[in-house]
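I am opening a notebook on a structure that is new to me, and I want to write down what I looked up in the order I looked. The sequence and the model come before the entries.

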Amino acid sequence: MISVLFAVLTALSNGSASVLQRRAALKVPSGEAMRLSLVGHLLRQPVWLGGIGMVIVAAVCQAVALATGPIAVVQPIFVIELPATLLLAGFVMRVRVPRPVWTGVAAVTLGLALGMASAAPVGGTDEVQGTAWIPALVVTGVFEAALITSAMRISGNARAALLGLAAACAYALTAALMKDAMSRLASDGFIGLVKAWQLYGTAAAGVGALFILQNALQAGTLAAVQPMLTLGDALISITYGVTLFGERLRTGWWLLPQLIAVALIAVGCVVLARSPLAGGGPQPPPRVK
């Protein structure tokens, strides 16, 4: 229950951060893509700094969630981040939530429930054994390089989608490293945590994920980024959970309802990301040329 609670808190914080960062990214010149100067533009925007504050809150909540539950349970819960944030935004701003948003919320919620019930992740260890990190890091690095290279050869929403998937992969890696690092805290105390390379790997992967996400949000619409980010994070995290931590999922005919769940979540994310609430207002601000 503790892991589920903090996973929900993480989802709320991450969803709020995505919307705030998207609004800030719209004001960045398109020529700043994949440059460090992009961060300079964002640092001058209070709305982006607010998004970073929510990222920090999410990181703390995620650490608690991963320390108390399997990664294949914690990470998929994050798919509720966008619907929960939009409903909260509508309540705070006293704006009537349009019917498509409720449809998207229903699709994501049903997809999550169906996916978790059919996959039923169990087992696993808190610590990665032996040298299992070596092939995992190599495969992740190759996958990230391929996505980013392909993204830089195209533009618009196609680039945003590929970079969104790259950011998702980096966030999933961050979660896996964080879970492994937190296991050192439980077994060896604070000194063991400080000595663990996974702690510094978590920081590096997290910063890289944040940088890639800003470029994804700057390249295209939230509707292009969010489904790849949400589903990618969940599915890649589950892969890490199975391959690195030995967690087990149902297979066989259970794969059919799991695929249906993924489709429901994808459709729901697209519907929600297209809502005016996701942009923070009725009309998105114009992109700076």
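**Entry: the nonpolar core**

I began with the largest nonpolar core, which holds 59 residues, and I noted that Val 79, Trp 133, Tyr 240, Leu 244 and Leu 272 are the ones that touch the most other members. Helix H8, residues 156–195, gives this core its largest share, namely 14 residues. As background I wrote down that, in soluble globular proteins, nonpolar side chains tend to be buried together.

**Entry: the model and its confidence**

Before going further I reminded myself that this is a predicted model, and I looked up how confident the predictor was. The pLDDT averages 81 over the chain, and 83% of the residues score at least 70. Which elements have the lowest and the highest mean pLDDT? I found helix H2 (residues 37–43) at the low end with a mean of 62, and helix H7 (residues 133–151) at the high end with a mean of 95. I also marked residues 280–289, where the pLDDT is below 50, and noted that this stretch has 18 contacts in the model beyond near neighbours in sequence.

**Entry: the overall plan**

I then counted the elements and found 11 helices and zero strands in the chain, so I could read the pattern along the sequence as an unbroken run of α, from beginning to end. Of the 289 residues in the chain, 49% are buried. I looked at contacts with a separation of 6 or more as well, and residues 24 or more positions apart account for 84% of them.

**Entry: the aromatic pairs**

How many aromatic pairs does a search of the whole structure find? The search gave me two. One is edge-to-face and is formed by Trp 133 and Trp 197, with 5.9 Å from centre to centre and 80° between the planes. This pair links distant parts of the chain, since Trp 133 lies in helix H7 and Trp 197 in helix H9 (residues 197–219), 64 residues apart. I checked the burial of both partners: Trp 133 has a relative accessible area of 5% and is therefore buried, whereas Trp 197, at 43%, is partly exposed.

The other pair, Trp 253 with Trp 254, is stacked, and I noted 4.3 Å from centre to centre and 25° between the planes. Trp 253 is exposed, with a relative accessible area of 62%, while Trp 254 counts as partly exposed at 25%.

**Entry: Leu 177 in helix H8**

I went back to helix H8 and picked out Leu 177, which lies in it. Is Leu 177 buried or exposed? Its relative accessible area is 3%, which is under the 20% cut-off, so I entered Leu 177 as buried. Leaving aside neighbours within four places in sequence, Leu 177 is in contact with Trp 133 and Trp 197, and also with Gln 198, Gly 201, Thr 202 and Ala 205. I looked up one distance here too: Leu 177 and Tyr 200 are 23 residues apart in sequence, and their C-alpha atoms are 8.9 Å apart in space.

**Entry: two buried serines**

Next I looked up Ser 237, which is found in helix H10 (residues 222–245). With a relative accessible area of 0%, Ser 237 is buried. Where does a polar atom of the side chain of Ser 237 find a backbone oxygen? I found the backbone oxygen of Asp 233 at 2.7 Å from it. Not counting residues up to four places away in sequence, Ser 237 touches Ile 71, Gln 75, Ala 172 and Gly 232.

I then turned to Ser 118, whose place is in helix H6 (residues 99–119). Ser 118 is buried as well, with a relative accessible area of 2%, and a polar atom of its side chain lies 2.8 Å from the backbone oxygen of Leu 114. Apart from neighbours within four places in sequence, Ser 118 is in contact with Arg 250, Trp 254, Pro 257 and Gln 258, and I recognised Trp 254 from the stacked pair above.

**Entry: cysteines**

Last, I looked for disulfides, and the count came to zero. I still checked two cysteines for burial: Cys 61 counts as buried at 9% relative accessibility, and Cys 169 counts as buried at 2%.

Technical notes:
Residues are numbered from 1 along each chain as its sequence is written. Side-chain values use heavy atoms; hydrogens and water are left out. A disulfide is a pair of cysteine sulfur atoms within 2.5 Å. Buried means under 20% relative accessible area, exposed over 50%, partly exposed in between (1.4 Å probe, protein chains only). A nonpolar core is a set of buried Ala, Val, Leu, Ile, Met, Phe, Trp, Tyr and Cys residues joined through side-chain atoms within 4.5 Å. Helices (H or I, at least four residues) and strands (E, at least two) are DSSP runs, numbered from the N terminus. A polar contact is a pair of N or O atoms within 3.5 Å; within protein, one must be able to donate a hydrogen and the other to accept it, and residues adjacent in sequence count only if both atoms are side-chain atoms. Contact means heavy atoms within 4.5 Å. pLDDT is the predictor's confidence in each residue, from 0 to 100. Rings of Phe, Tyr and Trp (its six-membered ring) pair if their centres lie within 6.5 Å; planes under 30 degrees apart count as stacked, over 60 as edge-to-face and the rest as tilted.
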